[in-house]
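Here is a friendly walk through a structure, for a reader who likes to look at packing, pockets and ring pairs. Please have the viewer open as you read.

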Amino acid sequence: MILDEIKKANIQALKDKDTNARTIYGIVSNKAMLETIKKREKGEELCDADVIQIIQKTIKELTEEAENYKKVGNTTEETNILNQKEILERYLPKMMSNEEIREIIASLEDKSIGNVMKHFKTNYAGKCDMKAVSEIAKQF
């Protein structure tokens, strides 16, 4: 599971005294713990797709934060944030290309937007950009 890999990497970062990596691993671990608590209340378990969503959301937040540091001219913090973003991107699966998305949509019997979105959310969560899926589905 991805979360286990992140926890192991966090321990290694602690041994290496890499505070930048420890910070981002801690943030993701805490967000995953909160999500686990929410899932348990519903009687569900945390899965890799949930962790991927947490990582994607965190990367988006880091991108915005880096842009803000860039605006104020704080290049040191900007570099730290970009390094953290790079660390997290290692844990994301390879994203599907638009051509792969198009092929999957073409193979579906029902090509309605709702059905296509549901299919991708169920089967390819975290492996494709849902905005791209929507745009490609509109072409069919």
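What follows is a short briefing on cores, pockets, aromatic pairs and one helix.

The model is predicted. Its largest nonpolar core holds 22 residues, and another core, of twelve residues, lies apart from it. The largest pocket has a volume of about 250 Å³, while the second largest has about 210 Å³. Two aromatic pairs are counted.

**Nonpolar cores**

- In the 22-residue core, the residues with the most contacts inside it are I2, I6, Y25, V51, I55, L88 and Y91.
- Four helices each give two or more residues to this core: α1 (2-16), α2 (19-41), α3 (48-72) and α4 (75-89).
- Of these, α3 gives the most, with seven residues.
- A good place to start looking is I6, which is in contact with Y25, V28, S29, V51, I55 and Y91, once its neighbours within four places in sequence are left aside.
- The separate core of twelve residues includes I101, I105, A132 and A137.

**Aromatic pairs**

- Y25 and Y91 are both buried, and both are also listed among the residues with the most contacts inside the largest nonpolar core.
- The ring centres of Y25 and Y91 are 6.2 Å apart and their planes stand at 80°, so this pair is edge-to-face.
- This pair links distant parts of the chain, as Y25 sits in helix α2 and Y91 in the loop between α4 and α5, 66 residues apart.
- The other pair, F120 with Y124, is tilted, with 5.3 Å from centre to centre and 40° between the planes.
- Within that tilted pair, F120 has a relative accessible area of 0% and is therefore buried, whereas Y124, at 23%, is partly exposed.

**The largest pocket**

- Thirteen residues would be a lot to click through, so here is where to begin: of the 13 that line this pocket, Q53, Q56, A125, G126 and M130 lie nearest its centre.
- Two elements, α3 and α7 (130-138), give two or more residues to the lining.
- The largest contribution is from α3, which gives four residues.
- Sorted by class, the lining has five nonpolar, three polar and five charged residues.

**The second largest pocket**

- The lining here is made up of K31, L34, E35, K38, D50, Q53, I54 and K57.
- Helices α2 and α3 each supply at least two of the lining residues.
- By class, the lining divides into two nonpolar, one polar and five charged residues.
- Q53 is worth a second look, as it appears in this lining and also lies among the residues nearest the centre of the largest pocket.

**Helix α7**

- The buried residues of α7 are A132, V133, S134, I136 and A137.
- Two of them, A132 and A137, are also among the residues of the twelve-residue core.
- The cover over the buried residues of α7 includes α5 (98-107) and α6 (113-123).
- S134, which is placed in α7, has a relative accessibility of 17% and so counts as buried, the cut-off being under 20%.
- Leaving aside neighbours within four places in sequence, S134 is in contact with I113 and M117.

Notes
Residues numbered from 1 in each chain as written. Predicted model: local features only at pLDDT ≥ 70, side-chain atom pairs only at ≥ 80, totals over all residues. Heavy atoms only, no water. Core = buried A, V, L, I, M, F, W, Y, C linked by side-chain atoms within 4.5 Å. Buried < 20%, exposed > 50% of the residue type's maximum accessible area, 1.4 Å probe, protein only. Contact = heavy atoms within 4.5 Å. 1 Å grid on protein atoms, 1.4 Å probe; cavity = no way out; pocket = protein on both sides within 12 Å on 5 of 7 lines; lining within 4 Å. Points joined across faces, edges and corners; volume = space filled by probe spheres on them. Nonpolar A, V, L, I, M, F, W, Y, C, P; charged D, E, K, R; others polar. Phe/Tyr/Trp six-rings, centres within 6.5 Å; stacked < 30°, edge-to-face > 60°.
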